[in-house]
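Visitor: I'd like to know what stands behind the labels people put on a model like this one. Could you take me through a few of them?

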Amino acid sequence: MEIIRSNFKSNLHKVYQAIEEADFFAIDGEFSGISDGPSVTALTNGFDTPEERYKKLKKSSSIDFLASQGFDFNKVFRNGIPYLNQEEERQLREQYDEKRLQSNGAGTLSYVSPNTSKCPVTIPEDQKKFIDQVVEKIEDLLQSEENKNLDLEPCTGFQRKLIYQTLSWKYPKGIHVDTLETEKKERYIVISKVDEEERKRREQQKLAKEQEELNDAVGFSRVIHAIANSGKLIIGHNMLLDVMHTVHQFYCPLPALYILPRSSVCLFHADFPACCLAQEDLNEFKEMTTCVFPRLLDTKLMASTQPFKDIINNTSLAELEKRLKETPFNPPKVESAEGFPSYDTATEQLHEAGYDAYITGLCFISMANYLGSFLSPPKIHVSARSKLIEPFFNKLFLMRVMDIPYLNLEGPDLQPKRDHVLHVTFPKEWKTSDLYQLFSAFGNIQISWIDDTSAFVSLSQPEQVQIAVNTSKYAESYRIQTYADYVGKKHEEKQSKRKWTEDTWQEVERKRLNTQCISYALQNHYYHTNSLTATSTAGKRNLSPSPEEADLEARISREISDTELEQTESCAEPLSEGRKKSKKLKRMKKDLSPAGVIPDSPAKLFEVPDTW
């Protein structure tokens, strides 16, 4: 079913119902594999760290990719569903609240009396004649037996505030005040003679209209909030970019802020050195993401992991879907609901987001059910709530990174030694063939370009690294250093730039004491008035494994294991304000999560490996 702007409101209840009834969600945003322009190698360096890859993905563009796949951009602008992120929604709600306060005579301007219900409003000298004329017209209206309404001339927003506040004090009963627009978009005030019952009825209508307008503006974000609030598993294939775009568009801009030491002022600056932001950005992104979506599963990583990687040769979505139809897998049978046409997997519709999400869901079901074959006795169907799939949670596939297969949203990322890797700098005229010739004496090598004058070269034998470094000591056109030396020098440069930047920004802070503090951390609630509220699923389904299943899984955990994840120590640096708020939000969301959602309890049945 295609939902666009024209039928979104009328079908929203069906979407909410589907979210309530679903066991899991499959998503696709058509962002996988997108580069940031002609410099593809800048995005696909095989030895990127997770921080470097995140930084590059933040600025990637999908326009060229979507255009090459026949994406209809006209349809987006013509039929696209509007949406707001949480900061935009907060600002809009504040605007409505401010308008409501003005209507009640409780505005926040300095000339308003502390008690507007009992004391007259203080009117500026240059506006007294204007307000006196308005009051005179209202007196005439109240005395008239024929006229019921009075349309005032269009005026400024400042004058409308004065009118609202004056009338709230002078005429607490007997009139209703509203603001309308002319065809020329000029705003004017309409005053009506009403009794108290009619006034209250009109106020309720006005509030209902405002709430409807606000919900319309929030638009598709309501669906994303409903999915997030459900706490259910979200499936994607190579989904890192999908997740980044979703968080960025519907919640808040991806982290890109630096908090000054010993200061409460948050400042944004386009020229701030990226090296000072990378780790902080990535950590905040992880915490924001797990706050919004506590359970994510990437089918590309799952297919690349034991017990699948030995029997699945190609993990691209189209090839994966074909492989999972064959032995030893058992593809699910899909029956579409009445009135909803089904996709036909015999006719590929790849790069259509709905079809790709559908295929992703089928792949997940097939792989999850295959895990059940390891149980004793085997299980034909493995639920999305089974502990068997928990080891694959919150690990997002990192494309074209040689030795870090995934981004770990719930902890430190893997840190391979890379003691077989060299960093090489050379003239801009050099080509790949020149590098192969330079290292011809060292057997098989792998080259990962960084830019036009540098690259990583990995040797097959780590003991050859020092020999290669020594050969460049007297070379004039190129330099070779170990990966460890390269990282060490980058760290020194980072520390130097950080110190320079801190000193510079401290000076900026002194000159900009009135700078507004802006933070794009997630808001402290997910649902507002008239949004879908969480309902208990008690009595509908059991979200926890049965005692028999738990016992079987406990036994199988002693029989099936893979390489243990490499352990790394987390940095002991103080949390930034954004991360503190993310942690607070995560605790709040856990307390407010719907009844029946399974608790966080990592299983050790299958382990995601630390190498391919």
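**Strands, partners and buried side chains**

Guide: Sure, let's start with one pair: A26 stands opposite I235 in β5. Keep in mind that this is a predicted model.

Visitor: What makes β1 and β5 a pair?

Guide: Two strands need at least two bridges between them to count as paired. β1 and β5 have 3 bridges, in the parallel sense, so they pass the cut-off of at least two.

Visitor: And what makes β5 and β8 a pair?

Guide: Strand β5, residues 233-236, is joined to β8 over 3 bridges, again parallel. With at least two needed, β5 and β8 therefore count as paired. As for who faces whom, I235 has L297 as its bridge partner in β8, and G236 stands opposite D298.

Visitor: What is the order of strands in the sheet?

Guide: The order is β1-β5-β8, an open sheet of 3 strands with parallel pairing. From one strand to the next, the twist averages 25°.

Visitor: Why are β1 and β8 called edge strands?

Guide: β1 (24-26) and β8 (296-298) each pair on one side only, and that is what makes them the edge strands.

Visitor: Which residues cover the two faces of β5?

Guide: L233 and I235 lie on one side, I234 and G236 on the other, and all of them are buried.

Visitor: Let's leave that sheet. How do you know that H176 is buried?

Guide: H176 sits in strand β3, residues 175-181. Its relative accessibility is 6%; the cut-off for buried is under 20%, so H176 counts as buried.

Visitor: What makes H176 and E203 a polar contact?

Guide: Their side chains are joined at 3.2 Å, and the limit for such an N or O pair is within 3.5 Å, so the pair fits that distance. Leaving aside neighbours within four places in sequence, H176 is also in contact with other residues, including V190, I191, R199 and R202.

Visitor: I191 turns up there. Why is I191 called buried?

Guide: I191 has a relative accessible area of 0%. Buried means under 20%, so I191 is buried. You'll find I191 in strand β4, residues 187-193.

Visitor: Which residues touch I191, apart from its neighbours within four places in sequence?

Guide: Among them are I138, L141, L150, L152, L167, I175 and H176. Take L141: I191 and L141 are 50 residues apart in sequence and 9.0 Å apart in space, going C-alpha to C-alpha.

Definitions and conventions:
Residues are numbered from 1 along each chain as its sequence is written. This is a predicted model: local features need pLDDT of at least 70, side-chain atom pairs count only at pLDDT 80 or more; totals for chains, interfaces and linings use all residues. Side-chain values use heavy atoms; hydrogens and water are left out. Helices (H or I, at least four residues) and strands (E, at least two) are DSSP runs, numbered from the N terminus. Buried means under 20% relative accessible area, exposed over 50%, partly exposed in between (1.4 Å probe, protein chains only). A polar contact is a pair of N or O atoms within 3.5 Å; within protein, one must be able to donate a hydrogen and the other to accept it, and residues adjacent in sequence count only if both atoms are side-chain atoms. Contact means heavy atoms within 4.5 Å. Axes are lines fitted to C-alpha atoms, for helices over the stretch in contact, and angles run from 0 to 180 degrees between N-to-C directions.
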